[in-house]
Amino acid sequence: MNKVLLVGRITAKPELRYTNANTEFLRFTVAVNRTFTNADGKREADFINVVAWRKQAETISKFFDKGNLIGIEGRLQTGSYDDKDGNKRYTMDVALDNFEFVEGKNKSQSDSSMPFSEPSPYDYQDNSVSVENDPFAEYGDSVSIDDNFLD
């Protein structure tokens, strides 16, 4: 199985390019924060190269910019080439299969070219549960689950 899932920030404005056969493609880098901090207490990031093709490449180049948070689903893809000195160089990229808009537009932006007009669920900070939708409301103030229940 070869599957990669990433959430990170785009490091530079994605620029659409074309192959000799006029197929759209896009190469961009995503900075993905590590889940731990280094010895200085700072969080580091990995910079991962991504390749998108055709319609997905067009969409990303049109609606994403440097610093935007993006969700990526893809697969690892290796390649190689000879550099200008004749040395063989190896590459590893994430070949994009799917992507997601992870965060809503910045409130200060007034760009109406975004394809989705509905707000992102990430725009909301209220995590409360209404009593009408609470599945445990009829059981009182608390719910107790016996540890033996899980066995």
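The legends below accompany close-up views of a predicted model.

**View 1. Asp-93 and Arg-27 meet in a salt bridge between strands β6 and β3.** Here the closest N and O atoms of Asp-93 and Arg-27 are 3.1 Å apart. Asp-93 belongs to strand β6 (residues 88-101) and Arg-27 to strand β3 (residues 24-37), so this pair ties together parts that lie 66 residues apart in sequence. Is Asp-93 buried or exposed? With 8% relative accessibility, Asp-93 counts as buried. If you would like to set this pair in context, the structure holds eight salt bridges.

**View 2. Arg-34 pairs with Asp-46 in a salt bridge.** Take a look at the contact between these two side chains, where the closest N and O atoms are 2.7 Å apart. Arg-34 sits in strand β3 and Asp-46 in strand β4 (residues 43-53), so the bridge ties together parts separated by 12 residues in sequence. Both partners can be placed by their accessibility: Arg-34 is partly exposed at 26%, and Asp-46 is partly exposed with a relative accessible area of 31%.

**View 3. Arg-89 and Asp-83 form a salt bridge.** The N to O distance between their side chains is 3.0 Å. Arg-89 counts as partly exposed, its relative accessibility being 40%, whereas Asp-83 is buried, with a relative accessible area of 17%. Returning to Arg-34 and Asp-46, which residues are joined with them into one network by salt bridges that share partners? The network is made up of Arg-34, Glu-44 and Asp-46.

**View 4. The rings of Phe-64 and Phe-101 form a stacked pair.** The structure holds four aromatic pairs. In the one shown here, the ring centres of Phe-64 and Phe-101 are 4.8 Å apart and the planes stand at 20 degrees, which is why the pair counts as stacked. Phe-64 is found in the loop between α1 (54-63) and β5 (69-82), while Phe-101 is in strand β6, so the two rings tie together parts 37 residues apart in sequence. Phe-64 is buried, with a relative accessible area of 3%; Phe-101, at 23%, is partly exposed. Do look for Phe-99 as well, since ring pairs link Phe-64, Phe-99 and Phe-101 into a cluster.

**View 5. Thr-23 lies in the loop between β2 (17-18) and β3.** Its relative accessibility is 18%, and Thr-23 therefore counts as buried, the limit being under 20%. What does Thr-23 touch, not counting residues up to four places away in sequence? Its contacts are Arg-17, Tyr-18, Trp-53 and Arg-54.

**View 6. Ile-72 is one of the residues that touch the most other members of the largest nonpolar core.** This core has 18 residues, and Phe-28, Ile-60 and Ile-70 join Ile-72 in touching the most other members. Two or more core residues come from each of β1 (4-10), β3, β4, α1, β5 and β6. Which element gives the largest share? Strand β3 does, with four residues. For a walk around Ile-72 itself, set aside its neighbours within four places in sequence: Ile-72 is then in contact with Val-4, Leu-5, Leu-6, Phe-28, Val-30, Val-50, Val-94, Leu-96 and Asn-98.

Notes
Residues numbered from 1 in each chain as written. Predicted model: local features only at pLDDT ≥ 70, side-chain atom pairs only at ≥ 80, totals over all residues. Heavy atoms only, no water. Salt bridge = Lys/Arg side-chain N within 4 Å of Asp/Glu carboxyl O. Buried < 20%, exposed > 50% of the residue type's maximum accessible area, 1.4 Å probe, protein only. Phe/Tyr/Trp six-rings, centres within 6.5 Å; stacked < 30°, edge-to-face > 60°. Contact = heavy atoms within 4.5 Å. Core = buried A, V, L, I, M, F, W, Y, C linked by side-chain atoms within 4.5 Å.
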